[in-house]
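Me: I am new to this structure and would like to go through it slowly, beginning with the ligand and then turning to the strands and loops. Could you take my questions one at a time?

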Amino acid sequence: MPWRSRISLIMSDSAARILEELVQNRGFCSGEELSGALGISRSAVWKHISQLRRDGYGIEAVKGKGYRLQVSPGYPDALETGRFLHTSTLGCRIEHHRSVMSTNAQARKLAREGAPEGLVVTADAQTGGRGRMQRVWHSPPGVNLYFSIVLRPPVPPRVVPQIPLLAAAALHTALASVAGGVDLRIKWPNDILAGGRKLCGVLCEMESEADMTHVVIVGIGVNVNLRDLPPEIEGLATSLLLEAGYEFSRPELLALILNDFEPLYRRWLEVRDLSPVLGYLEEHSWLRGKQVEVDQYGRRLKGVAAGISPTGELLLDMPDGSQTMVSSGETHLIPDNERT
Ligand code: BTN
């Protein structure tokens, strides 16, 4: 898919096309070439170049040669991410915001306006990032990935809760491919942990009728290059940088996640259960074989995590020898000194 169709609508179309020309050209592009290619005046080219510089793009200007892109700010936008994308639908359009309240809220708004499956909303920062259970999702600028994917799966709403586990499998595969030495684990129902601390979370929201799914928004937050954790999540959360000791490219990581998610999602649409990823989820599970407590809106269940069902429930071996299927809730490991 050509990059142009992925260009964010937030950046002006001309600025995006200038960037595209500079990226593709690699060398110098004269003002005349750019104005000819875009059908705008040379002073308009200059104004867009100035705006791009203010946005963090290092663009060199040399008399007699023209403009050359030297430094990209590494935003997870259409242009930067598109270079690494191999998908046919996911990321077909990427709308990037320097700052937005919540990418989930923005994706939901666009979906209500008719946004197609595959639209991805990304942000450099969120002012009201949300997690599950109404929690705040720490969303400072310049360091992490915050994005939401619009899906329109032709499936009944009852199978939609499986999607976070699919996303978790894709996240795990993508992160493992760039941070091989980090011990990454999938925690049912939708977290990725590194060294037992939270690295990614998935917030899936749906609009549906009784037996028809209209839209699913898959919101994903990944702590990528975060160095400083605020006190409220210190000890509970971590980042790829803190675990691996080096920085990661956010646009490349976003593309890897979408590249891995798309085939899993396609396969899931065919079989409508998690059987294709069940082995992977089990292999990389954080909970499997451990004593856990599940908090289900006030009801607490204790047992040993035995696995995940093809329909996405957590299987709990109970102290009385029975097995329970848990469909939702927060899971915690039971510390050794509290075990029965
Ligand atoms: C959780 O583990 O509680 C889920 C966290 C999900 C956070 C992401 S960041 C991008 C998207 N926008 C939001 O407001 N939330 C999700």
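Reply: A residue counts as near a molecule if one of its heavy atoms lies within 4 Å of it, and please keep in mind that this is a predicted model.

Me: How many residues surround the ligand, and which are the closest?
Reply: With that cut-off of 4 Å for heavy atoms, the shell around the ligand can be counted residue by residue. The count comes to 20 residues, and the closest are Ser102, Gln126, Arg130, Arg132 and Lys198.

Me: How do the residues of the shell around the ligand divide into nonpolar, polar and charged?
Reply: Glycine is placed with the polar residues in this grouping. On that basis the shell around the ligand divides into six nonpolar, 10 polar and four charged residues.

Me: Which element gives the most to the shell around the ligand?
Reply: Several elements supply at least two residues each, namely α5 (103-112), β5 (145-151), β8 (197-209) and β9 (212-222). The one that gives the most, with four residues, is β8.

Me: Which residue has a side-chain N or O atom 2.5 Å from an oxygen atom of the ligand?
Reply: A polar side-chain atom of Ser102 lies 2.8 Å from an oxygen atom of the ligand, while for Thr103 the partner is a nitrogen atom of the ligand, at 3.1 Å. The distance of 2.5 Å to a ligand oxygen atom belongs to the side chain of Lys198.

Me: How much of the ligand's accessible area does the protein cover?
Reply: The ligand sits in the largest pocket. On its own the ligand has 420 Å² of accessible area, and the share of this that the protein covers is 99%.

Me: In which sense do strands β1 and β2 pair, and which residue in β2 stands opposite Glu60?
Reply: Strand β1 covers residues 58-62 and strand β2 covers residues 66-71, and the two are joined over five bridges in the antiparallel sense. They form a hairpin with three residues between them, where Gly64 in the turn has a positive phi of about 85°. Opposite Glu60, in β2, stands Arg68.

Me: Where is the residue that is not a glycine but has a positive phi of about 60°?
Reply: The residue with this phi is Gln134. Its place in the chain is the loop between β4 (120-126) and β5.

Me: What kind of peptide bond joins Trp188 and Pro189?
Reply: Pro189 is found in the loop between β6 (184-187) and β7 (191-194). The omega of the bond that joins Trp188 and Pro189 is about 5°, and the bond is cis.

Definitions and conventions:
Residues are numbered from 1 along each chain as its sequence is written. This is a predicted model: local features need pLDDT of at least 70, side-chain atom pairs count only at pLDDT 80 or more; totals for chains, interfaces and linings use all residues. Side-chain values use heavy atoms; hydrogens and water are left out. A polar contact is a pair of N or O atoms within 3.5 Å; within protein, one must be able to donate a hydrogen and the other to accept it, and residues adjacent in sequence count only if both atoms are side-chain atoms. Accessible areas come from the Shrake-Rupley method with a 1.4 Å probe; for residues, only the protein chains shown count as cover. On a 1 Å grid over the protein atoms alone, a cavity is a set of points where a 1.4 Å probe fits but cannot get out, and a pocket is an open set with protein on both sides within 12 Å along at least five of seven lines; lining residues have an atom within 4 Å of a point. A molecule sits in a cavity or pocket if more than half of its atoms lie within 2 Å of its grid points. Two strands pair if DSSP finds at least two bridges between them.
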